[in-house]
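Student: Hello! I am new to this structure, so could we walk through it together with some questions?

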Amino acid sequence: LCRGGLAERLCRLQNRERSAISFWRHQCTSDDKIPSDKSGVLIVKILEIFEECTIQVAICQQLEQSPATLSPEDAVINAEEPILKVLFTRETAAHLKSRPQDVIHIYPPWQKLLLQNADVPVIMNTYFSQKVLLSEHSEAREKTYGPTKMLIRKNIISLAQTFRLDDLDKLHQESSDNQVAGAPQTHKSSDSKGHPLALSAVNDSLLEMVESQGAVGWREVQVRVVIQRVYCLPAREGCRSHTQGNKPLLSNGGMFCRLCLLVQDAYGMFSEVQLQSLGSTDDIEQYCRRWEGKSCCLAGMKILQRTTRGRAVGLFSLIDSLWPPVVPVKVPGQSQDSEMMTTDLPPPSFCYILTVQSGEIHVEVDEEEQISNLYQPPAVHGLKEILRMGGCNERCSFWAQVLYQRLQTKPSVPVDQREMLLFVTDSSLQNVAHGIPKVVAVSVTASCVLSMEVIEALSAGSPIFFKDALWGNGRIICVERTVLLLQKPLLCSAAGADLSELTGPVRLDELDSTTQASSICALRGTVVGVNESTAFSWPTCNRCGNGKLEVCPQDRELLYCNQCSEVVTTPVLKMQLEVFLSCPSRPQSTVKVKVWHEISHIATYEVQSVLGKEVGLLNCYVHSITSHPNCVALEEIVLE
């Protein structure tokens, strides 16, 4: 809000108003009585109640008095006063829980509005209202009506009818067809179609549902939307104890997660729907395949938050990747003829975060239906094309081979919150000669939810589909709402990208002056020194490679492998050795490499035999690069 502007002043006024109402109600509750000051108090008896445009309308008769000794039926009716139409806001109505025949005291500053061509005055500003509670009458009413909730008739009025956009006779018919049935005394329990809690006709506007139903929940209506994306989000600390029945929120390596949908309505508006748990994070892939692009009906929703671009940069970067719509969308407040629909709209500036209400049917997906024309599948690019993209915080999708993974170790950061680096490549990088790296680092943050199947595939070096990763400032990052899948999506916009898998050996960039820390490269050079103080060796099993051998209980001169349950007679000696190389590609740098005997090109441990030895192309991870002193620290690795 602009400082000092009308909106900010209105917001402050509303906050003061809410505080005054809450304080007044607290005083009434604490005193356990009706305020003694009767000056200016309007006393009314409710004859009929209905709801229209989220406002509760009560047709009332004004009373001269309402003594505590009399029941509302015996209260004196002032025949000279006309019938009043009293308006209560949703919050006031929920506080009063009024029924016909109830007596209500309305305290100042209520206002009377006289409308032209209308005989019934309207009473507004009824925030300071209190129902008269008479114990004997309350007991009688409880026996008559029971503890069931009062069912209020709702007059559903279309916005098109309000603004006279279409044929009024047709809309009159639709409006009466969509009305929810009336009060309990007129309701027939055998008529299921007229049940007050039965869902009305499906709406196609998220914003209209939010404005008409409010934040407390959509119980009598449902809205039809298209599922653009399916993903998991980490649950907040406060949500970790939340369960659906006896089923806890799904857990992924200690991370509590929730299935979410990014949906879009016919007007182009987006909303994020946070559902309950899955049986396993491995279910996310099947939900993506079954639900994305399909239409669904939302019911029983409540608003968690109205968020904006400044508060949810990640969410809006995903929304921006789906904007503008691929087909024309409806325009609020205009006739919805085809010539009035457009794609030339500004991107959304806000988004409602919705969640489900327990014990209700929330999302009904028509999996048999065709893919919606509004659906935008992920646009798949080659890594070469992504590296040439401009802009910042843009979503990108790609199919890549994972070569190596490494957990970023920072002592101050807990293990479950550390980032993981994935080094990936594809055919678009492997087939270029110079100027573009052959391998790209992808940072996977702790907020990116990975299924166990994907974690296993990463360790095996399998190709992975990265959906809606974030590209910016020369980095690819997997953040919240990024999904890693084992298979390519059934529907995707390839845009000329080569999605074929790699064949043949993978090539890395050789160490040179452009190499950066926390990258992988190929290395060649001559051994010029050995750091003997850091060298060590250990025996391993010649069958399974187990490096934790024990002394055999029967013969202490032999070693025993617990994994094989066998005595190891010919152990394989492994050793770590730190050597210094002279590299033609970095002649001015001291190149220090930590190598392993079983995977290195150095055959023996004797220092004299190692010195001067030529090292061929060695795959390495670059730990650090310093200029003072000019030194490069690397570690030999094995690609997946």
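Student: Leaving aside its neighbours within four places in sequence, which residues is K438 in contact with?

Tutor: Happy to help, and please keep in mind that this is a predicted model. K438 sits in the loop between α10 (427-430) and β21 (440-444). Once its neighbours within four places in sequence are set aside, its contacts are T425, L429, Q430, V432, A433, R507, L508 and D509.

Student: K438 has no salt bridge, so which side chain of opposite charge is nearest?

Tutor: A salt bridge needs a side-chain nitrogen of Lys or Arg within 4 Å of a carboxyl oxygen of Asp or Glu. K438 is buried, and the nearest side chain of opposite charge is 4.2 Å away. That side chain belongs to D509.

Student: How many salt bridges does the structure hold?

Tutor: Here is the idea behind the count: side chains of opposite charge can pair when their charged atoms come close. K131 and D102 are one example, with N and O 3.7 Å apart. For the structure, the number of salt bridges is 10.

Student: How many residues apart are K131 and D102?

Tutor: K131 belongs to strand β7 (residues 129-131), while D102 is in the loop between α2 (90-96) and β4 (103-106). Both K131 and D102 are buried. Their salt bridge links distant parts of the chain, and the separation is 29 residues.

Student: In the salt bridge of K330 and D204, what is the distance from N to O?

Tutor: Let us place the partners. K330 is in the loop between α8 (313-321) and β17 (350-356), and D204 is in the loop between α5 (168-177) and α6 (206-213), 126 residues apart. D204 is partly exposed, with a relative accessible area of 21%. Their side chains meet with an N to O distance of 2.4 Å.

Student: Which residue forms a salt bridge with R229?

Tutor: R229 lies in strand β9 (residues 223-234), and the pair reaches strand β22 (residues 463-472), 239 residues apart. R229 counts as buried because its relative accessibility is 2%. With closest N and O atoms 2.9 Å apart, the partner is D468.

Student: Which residues do salt bridges that share partners join into one network?

Tutor: In a network of this kind, the salt bridges have partners in common. Here, the residues joined are E272, E480 and R481.

Student: Why is C561 not bonded to the closest cysteine sulfur, and which residue holds that sulfur?

Tutor: A disulfide would need the two sulfur atoms within 2.5 Å. The sulfur of C561 is 3.6 Å from the closest one, so the gap is too far for a bond. C561 is also buried, at 0% relative accessibility. The closest cysteine sulfur is in C544.

Student: How many disulfides does the structure hold?

Tutor: The structure as a whole has a disulfide count of zero. C521 is one of the cysteines in no disulfide, and its nearest cysteine sulfur is 5.8 Å away, in C620.

Student: In what order do the strands of the three-stranded open sheet stand?

Tutor: Strands of a sheet pair through backbone hydrogen bonds, either parallel or antiparallel. In this sheet the pairing is antiparallel. β26 (550-551) and β28 (566-568) each have a single partner strand, so they stand at the edges. The order is therefore β26-β27-β28.

Student: Which residue in β28 stands opposite L559?

Tutor: Strand β27 (residues 559-561) pairs with β28 over three bridges, in the antiparallel sense. Opposite L559 stands V568.

Student: Is the aromatic pair of Y287 and W291 edge-to-face or stacked?

Tutor: Y287 and W291 both lie in helix α7 (residues 284-291), four residues apart, about one turn of the helix. Their centres are 4.8 Å apart, with 75° between the planes. Planes over 60 degrees apart count as edge-to-face. The pair is thus edge-to-face.

Student: How many residues apart in sequence are the parts that Y404 and Y621 tie together?

Tutor: Their rings form a tilted pair, 6.4 Å centre to centre, with 45° between the planes. Y404 is buried, with a relative accessible area of 10%, and Y621 is buried too, at 4%. Y404 lies in strand β19 (residues 394-407) and Y621 in strand β31 (residues 614-627), so the separation of the parts in sequence is 217 residues.

Notes: Residues are numbered from 1 along each chain as its sequence is written. This is a predicted model: local features need pLDDT of at least 70, side-chain atom pairs count only at pLDDT 80 or more; totals for chains, interfaces and linings use all residues. Side-chain values use heavy atoms; hydrogens and water are left out. Buried means under 20% relative accessible area, exposed over 50%, partly exposed in between (1.4 Å probe, protein chains only). Two strands pair if DSSP finds at least two bridges between them. Helices (H or I, at least four residues) and strands (E, at least two) are DSSP runs, numbered from the N terminus. Lys and Arg count as positive and Asp and Glu as negative; His and the chain ends are not counted. Contact means heavy atoms within 4.5 Å. Rings of Phe, Tyr and Trp (its six-membered ring) pair if their centres lie within 6.5 Å; planes under 30 degrees apart count as stacked, over 60 as edge-to-face and the rest as tilted.
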